[in-house]
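Please open the model in your viewer and keep the sequence panel beside it. The stops below are meant to be selected one after another.

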Amino acid sequence: EERGIMLKAFDVKSLKVFDSGNYSVMCFHEDLVEHDYIADASVFEGKLDAVFNVIRKHFPEEKVAFKYHPGSPESKTAVPFGSRLPDFIPAEFLYDEKIKMYLGISTMALANVETGIAVSLIDMVNFKDDTIRAQLKEALIKWSHSKIRFPQSLDEFERILIDIKNHNLEEV
């Protein structure tokens with residue numbers, strides 16, 4: 001509760017010192033494999049590749065940005081296209097009204113989204129432990145400032161993208 005009260009009174013826009021560019025999609029990388037949350041890294045990477053192929057189908061590369069979690073290994077290539085934003089910038093400083101969709105898995109950056117559509121892939125990836133998945137999802141929902149979408153399949157994810165492109169989704 002105290003966190004919510006403090007954040008409600010805090011205007012992050014007053015600290016906007018980074019140009020978030022002219023993107024439609026912003027992806028947040030997480031070190032789920034490195035933290036041993038994922039059952040099979042190659043299956044996980046395959047699912048992410050499929051997700052990014054769907055994004056590529058609906059948004060041009062220059063409209064996609066990604067940001068690694070600070071301290072992630074530099075050699076990572078989790079997002080195969082788009083612009084890489086500096087790791088050290090807090091995700092919340094990159095939010096922009098031009099961004100239509102923020103994408104991640106369990107990052108709290110999704111919980112802090114207030115405008116645009118937040119989409120979590122948490123139900124689409126193969127966690128080693130469903131209890132951890134449930135706890136991470138519960139935390140996202142609990143701390144969320146807006147509705148987070150949790151697609152269950154690649155088809156459902158693509159439907160969200162189509163609705164975003166056609167302006168058929170509310171940002172609430």
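The tour goes from a strand and its partners to a set of charged pairs.

The model is predicted, so local features are described at pLDDT of at least 70 and side-chain atom pairs count only at pLDDT 80 or more, while totals for chains, interfaces and linings use all residues. Residues are numbered from 1 along each chain as its sequence is written, and side-chain values use heavy atoms, with hydrogens and water left out.

Begin by selecting strand 5, residues 117-120; strands here are DSSP runs of E with at least two residues, helices are runs of H or I with at least four, and both are numbered from the N terminus. Ile117 and Val119 on one side of this strand, and Ala118 and Ser120 on the other, are all buried, which leaves both faces covered. Buried stands for under 20% relative accessible area, exposed for over 50%, and partly exposed for what lies in between, with a 1.4 Å probe and protein chains only.

Next add strand 4 (residues 101-104), which pairs with strand 5 in the parallel sense over 4 bridges; pairing requires that DSSP finds at least two bridges between two strands. Within this pair, Leu103 stands opposite Val119. Then add strand 6 (residues 148-149), which runs parallel to strand 5 and is joined to strand 5 by 2 bridges, with Ala118 opposite Ile148. To follow the connection, show helix 4 (residues 130-143), through which the chain crosses from strand 5 to strand 6 in a right-handed β-α-β crossover; right-handed means that, with the strands pointing away from the viewer, the path from the first strand over the helix to the second runs clockwise.

Now turn to the salt bridges, of which the whole structure holds 6, each being a side-chain nitrogen of Lys or Arg within 4 Å of a carboxyl oxygen of Asp or Glu. Select Lys128 and Asp36, whose closest N and O atoms are 2.5 Å apart. Lys128 lies in the loop between strand 5 and helix 4, and Asp36 in the loop between strand 1 (25-28) and helix 2 (41-58), so this pair ties together parts that are 92 residues apart in sequence. Lys128 is partly exposed at 47% relative accessibility, and Asp36 is partly exposed at 48%.

For the next stop, select Glu158 and Lys57, which meet in a salt bridge at 2.7 Å, N to O. Glu158 belongs to helix 5 (residues 154-165) and Lys57 to helix 2, 101 residues apart; Glu158 is buried at 15% relative accessibility, whereas Lys57 is exposed at 58%.
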